[in-house]
Amino acid sequence: MTISELTLKSRDEEPVRRLEIFTGSGRRREWLPEEKARIVAESYDAGETVSAVARRYALSPQQLFAWRRSARVPLGNAPAPEPLFVPAVVAAAPEPEPAGKRARSTRKRKAAREAGVIELEIDGVAMRIGRGADARTVAAVIRALKAPS
């Protein structure tokens, strides 16, 4: 009697002719660090999703997220990344001296007009952004100020 006759039966009561035994973990693959870095970089491309990149390389999205997380861990001697935001300085306007009734109403109108105004200074150039300013115009001006001359 063979092992296939003991454990596996076919419908026709005929013994199984082929028996495959898999050893090892099956889907486990070894990825080179360069391959991992390329796949992680591809997952950050514009218009790409982690799930789409993971499917393309037969990975689970969780595995790709783990690779991305480990790629963000700074190395011991690596220089710190440049900050993405500049420090903001919030300064209150000086309190004006009380004056006559007419001057007081003028100050109130001016204060109401300047409420919500942001002053941005880049390389010595000051820009005042008022309430209701078009975001695309402001972004274009900021890009123009940051562009090398």
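Glu-42 touches four residues beyond its close sequence neighbours: Glu-48, Val-53, Arg-56 and Tyr-57. Glu-42 itself sits in helix α2, which covers residues 33-43. The model is predicted. Its 149 residues form 6 helices and 2 strands.

**Glu-42 and its surroundings**

- Is Glu-42 buried or exposed? Its relative accessibility is 15%, so Glu-42 counts as buried, because the cut-off for buried is under 20%.
- Two of its contacts, Val-53 and Tyr-57, also belong to the largest nonpolar core.

**The overall plan**

- Read from the N terminus, the elements follow the order α-α-α-α-α-β-β-α.
- Of the 149 residues, 11% count as buried.
- The protein exposes about 13600 Å². Carbon and sulfur atoms supply 57% of that area.
- Take the contacts between residues at least 6 apart in sequence. Of these, 23% join residues at least 24 apart.

**The largest nonpolar core**

- Which residues make up the largest nonpolar core? There are 9: Ile-39, Val-40, Val-50, Val-53, Ala-54, Tyr-57, Leu-59, Leu-64 and Trp-67.
- Helices α2, α3 and α4 each give at least two residues to this core.
- The largest share, 3 residues, comes from α3.
- In soluble globular proteins, nonpolar side chains tend to be buried together.
- Leu-59 is one of the core residues. Setting aside residues up to four places away in sequence, Leu-59 touches Arg-29, Trp-31, Ile-39, Ala-54 and Trp-67.
- Among those partners, Ile-39, Ala-54 and Trp-67 are core residues too.

**Helix α4 and its two sides**

- Helix α4 has 12 residues. From first C-alpha to last, α4 reaches 17 Å, close to the 16 Å expected at 1.5 Å a residue.
- Which residues of α4 are buried? They are Leu-64, Trp-67 and Arg-68.
- These three lie on the same side of α4, because they cover an arc of only 100° around the axis.
- An α-helix has 3.6 residues a turn, so residues three or four places apart point the same way.
- Gln-62 and Ser-70 are exposed on the other side of α4.
- What do the buried residues of α4 pack against? They pack against α2 and α3.

**The loop before α4**

- Ala-58 lies in the loop between α3 (50-56) and α4 (61-72).
- Ala-58 is not a glycine, yet its phi is positive, at about 55°.
- Its relative accessible area is 37%, so Ala-58 is partly exposed, because that value falls between the 20% limit for buried and the 50% limit for exposed.

**The strand pair**

- Strand β1 covers residues 118-122, and strand β2 covers residues 125-129.
- The two strands pair in the antiparallel sense over 5 bridges.
- Ile-118 stands opposite Ile-129 in β2.
- How many residues lie between the strands of this hairpin? There are 2.
- In this hairpin, Asp-123 takes a positive phi near 50°.

**Helix α6**

- Val-141 is found in helix α6, which covers residues 135-146.
- At 36% relative accessibility, Val-141 counts as partly exposed.
- Val-141 and Met-127 are 14 residues apart along the chain. Their C-alpha atoms are separated by 8.9 Å.
- Met-127 falls within the residue range of strand β2.

Note on methods:
Residues numbered from 1 in each chain as written. Predicted model: local features only at pLDDT ≥ 70, side-chain atom pairs only at ≥ 80, totals over all residues. Heavy atoms only, no water. Helix = DSSP H or I, 4+ residues; strand = E, 2+ residues; numbered from the N terminus. Buried < 20%, exposed > 50% of the residue type's maximum accessible area, 1.4 Å probe, protein only. Contact = heavy atoms within 4.5 Å. Areas by Shrake-Rupley, 256 points an atom, 1.4 Å probe, with all protein chains shown as cover. Core = buried A, V, L, I, M, F, W, Y, C linked by side-chain atoms within 4.5 Å. Expected span 1.5 Å × (residues − 1). Arc of directions from axis to C-beta. Pairing = 2+ DSSP bridges.
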